[in-house]
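Thanks for sharing this one; here are my notes, set out as numbered points. Keep the structure open beside you as you read.

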Amino acid sequence: MSIQETSKTTQAPRTEQAPLLDVRDLEVTYAGGAAAVRGVNLTVEAGQKLGIAGESGCGKSTLALALLRLLPAGTKVSGEILLDGEDVLTMKWGRVRAVRWAGASIVFQGAMHSLNAVHRVGDQIAEPILLHRKETPAGAKRKTGELLEHVGLPASRADAYPHELSGGQRQRVMIAMALACDPRLIIADEPTTALDVMIQAQILRLIEQLVTEQDLGLIMISHDLAVLADTCDRLAVMYAGRVVEEGPALQVYEDARHPYGKALSAAFPRIGDPASRFAPRGLPGDPPDPSDLPSGCAFHPRCAVAVESCSREDQALRDAGRARRAACVHVGEAERPGAKAEAETGTEAEAAGEARSSTS
Ligand SMILES: Nc1ncnc2c1ncn2[C@@H]1O[C@H](COP(=O)(O)OP(=O)(O)OP(=O)(O)O)[C@@H](O)[C@H]1O
């Protein structure tokens with residue numbers, strides 16, 4: 001699994017070993033002009049777990065919704081979303097509806113809002129099985145019971161209404177529903193938000209177990225880098241609609257190369273470092289308005305090490321060592337002509353940034 005910066009004109013050949021999901025140059029702009037996803041490239045192979053992290057508003061959910069064409073009418077979407085080699089963006093609607101269950105399915109946060117309060121959970125799980133798998137009612141009932149047991153609930157819970165289940169049980173139902181038509185890819189958008197830590201850990205282990213057993217691809221979205229580092233193989237960090245850093249999950253979490261990745265990671269307690277639990281650091285300022293993005297690198301107004309060119313030029317993802325890639329002028333700068341002078345300015349900017357944050 002990797003995330004790549006490719007030129008808009010470059011089309012990688014579709015080979016027999018094409019990844020399960022191959023997203024190329026994805027751009028999403030909402031009707032009001034918010035550029036929520038900008039030039040995202042990513043791939044997910046079967047059996048792999050990609051975490052997508054970033055502050056609220058950086059475009060994580062928009063990316064997830066775009067993958068299954070769930071965005072509101074009037075939203076402009078361009079690029080390619082190849083699921084098993086088939087472009088979701090150019091499919092006919094009938095095919096999109098089938099792909100939403102059998103190709104890839106989403107587990108949303110807050111199961112109470114996603115489940116229909118007036119229908120038994122079993123009927124809600126059975127519905128896509130009847131519709132897309134064309135099972136008989138008896139076959140759909142049997143499969144529903146199997147799915148519930150698979151996610152750790154007794155088959156008899158099929159008769160329960162959502163309000164009769166705990167938050168963790170409801171989220172298990174959502175996972176069973178996502179698995180109803182045997183998808184190849186699961187997209188989990190903050191699947192454990194609003195659950196207590198013990199239940200959160202159980203749900204994360206369940207998702208991991210199902211992905212491994214069934215050789216599924218997983219995209220897990222969260223603002224919690226620590227949860228993603230614990231669950232996923234790889235991590236992509238988004239800022240203002242772009243992937244600014246990606247690499248092996250633990251390495252990105254423990255040693256991010258992009259100043260935003262570093263700041264995000266510093267905001268969480270370190271595994272094995274109890275002292276950090278009491279000293280998580282915040283990032284001054286707010287993410288930019290996607291309808292009015294800063295010029296150059298969108299992170300430069302908040303960046304403690306920004307140099308003059310950062311307000312003019314955005315950077316592509318580049319090799320940051322140890323299989324990581326980061327979109328920052330300082331990454332790999334030793335080899336770049338003129339880097340020394342900019343780095344010195346950066347040191348001054350860093351000092352100024354520290355002064356700013358210590359006084360704020
Ligand atoms: N339907 C919409 N119409 C217009 N703008 C939208 C819409 N949905 C989201 N946005 C904007 O797009 C940007 C990205 O939002 P998105 O929900 O994808 O971010 P996110 O990273 O998932 O945030 P969160 O973690 O809070 O869910 C935000 O600035 C948001 O206000």
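1. Let me begin with a pair of helices. In this predicted model, helix α4 (residues 121-132) and helix α5 (residues 137-150) have axes that come within 9 Å and cross at roughly 125 degrees. An angle over 115 degrees but not over 145 falls outside the perpendicular and antiparallel classes, so α4 is oblique to α5. The crossing of α4 and α5 is right-handed.

2. It is worth looking at who takes part in that contact. From α4 come Gly122, Ile125, Ala126, Ile129 and Leu130, and from α5 come Pro137, Ala140, Lys141, Lys143, Thr144 and Leu147. By class, the residues of this contact are seven nonpolar, two polar and two charged.

3. A second helix pair makes a nice companion to the one above. The axes of helix α6 (residues 167-178) and helix α7 (residues 197-214) come within 10 Å, and they cross at roughly 15 degrees. Angles under 35 degrees count as roughly parallel, so that is the description for α6 and α7. The crossing of α6 and α7 is right-handed.

4. Which residues of α6 and α7 meet? On the α6 side they are Gly167, Gly168, Gln171 and Ile175, and on the α7 side Ile199, Gln202, Ile203, Leu206 and Ile207. The contact of α6 with α7 divides into five nonpolar and four polar residues, with no charged ones.

5. Now to the ligand. There are 15 residues around the ligand, and those that come nearest are Tyr30, Ala36, Ser56, Ser61 and Thr62. Sorted by class, the shell around the ligand holds six nonpolar residues, eight polar and one charged. Helix α1 (residues 60-67) supplies the largest share of this shell, with three residues.

6. Is helix α1 largely enclosed or largely open? Seven of the eight residues of α1 are buried, so the helix is largely enclosed by the rest of the structure. The buried ones are Lys60, Thr62, Leu63, Ala64, Leu65, Ala66 and Leu67. Thr62 therefore appears twice in these notes, as a buried residue of α1 and as one of the residues that come nearest to the ligand. Just after α1, Arg69 takes a positive phi of about 50 degrees.

7. Two aspartates deserve a glance at their backbone. Asp25 is not a glycine, yet its phi is positive, at about 50 degrees. Asp25 sits in strand β1 (residues 21-29), and with 17 other C-beta atoms within 10 Å it is partly exposed. Asp215 likewise has a positive phi in a residue other than glycine, near 55 degrees. Asp215 belongs to the loop between α7 and β8 (217-222). How exposed or buried is Asp215? It counts as exposed, with 12 C-beta neighbours inside 10 Å.

8. Tyr239 is a good residue to click on next. Tyr239 lies in strand β9 (residues 234-239) and is buried, because 26 other C-beta atoms lie within 10 Å and the cut-off for that label is 20 or more. Leaving aside neighbours within four places in sequence, Tyr239 is in contact with Gly54, Cys58, Val244, Tyr260, Ala298 and Phe299. Tyr239 and Ala298 are 59 residues apart along the chain, and their C-alpha atoms are separated by 7.8 Å.

9. Trp93 offers another setting. This tryptophan is in helix α2 (residues 93-102) and counts as exposed, with 8 C-beta neighbours inside 10 Å. Trp93 and Leu20 are 73 residues apart along the chain, and a distance of 21 Å separates their C-alpha atoms.

10. Finally, a word on the chain as a whole. How many helices and strands does the chain have? It has eleven helices and twelve strands. Of its 360 residues, 44% count as buried. If you take the contacts in the chain with a separation of 6 or more, 63% of them are between residues 24 or more positions apart. The contact between Tyr239 and Ala298 described above spans 59 residues along the chain, should you want an example to display.

Conventions: Residues numbered from 1 in each chain as written. Predicted model: local features only at pLDDT ≥ 70, side-chain atom pairs only at ≥ 80, totals over all residues. Axes fitted to C-alpha atoms, helices over the stretch in contact; angles between N-to-C directions. Helix = DSSP H or I, 4+ residues; strand = E, 2+ residues; numbered from the N terminus. Parallel < 35°, antiparallel > 145°, perpendicular 65-115°, else oblique. Left-handed = near helix turned anticlockwise from the far one by under 90°. Contact = placed C-beta atoms within 7 Å. Nonpolar A, V, L, I, M, F, W, Y, C, P; charged D, E, K, R; others polar. Near = placed C-beta within 6 Å.
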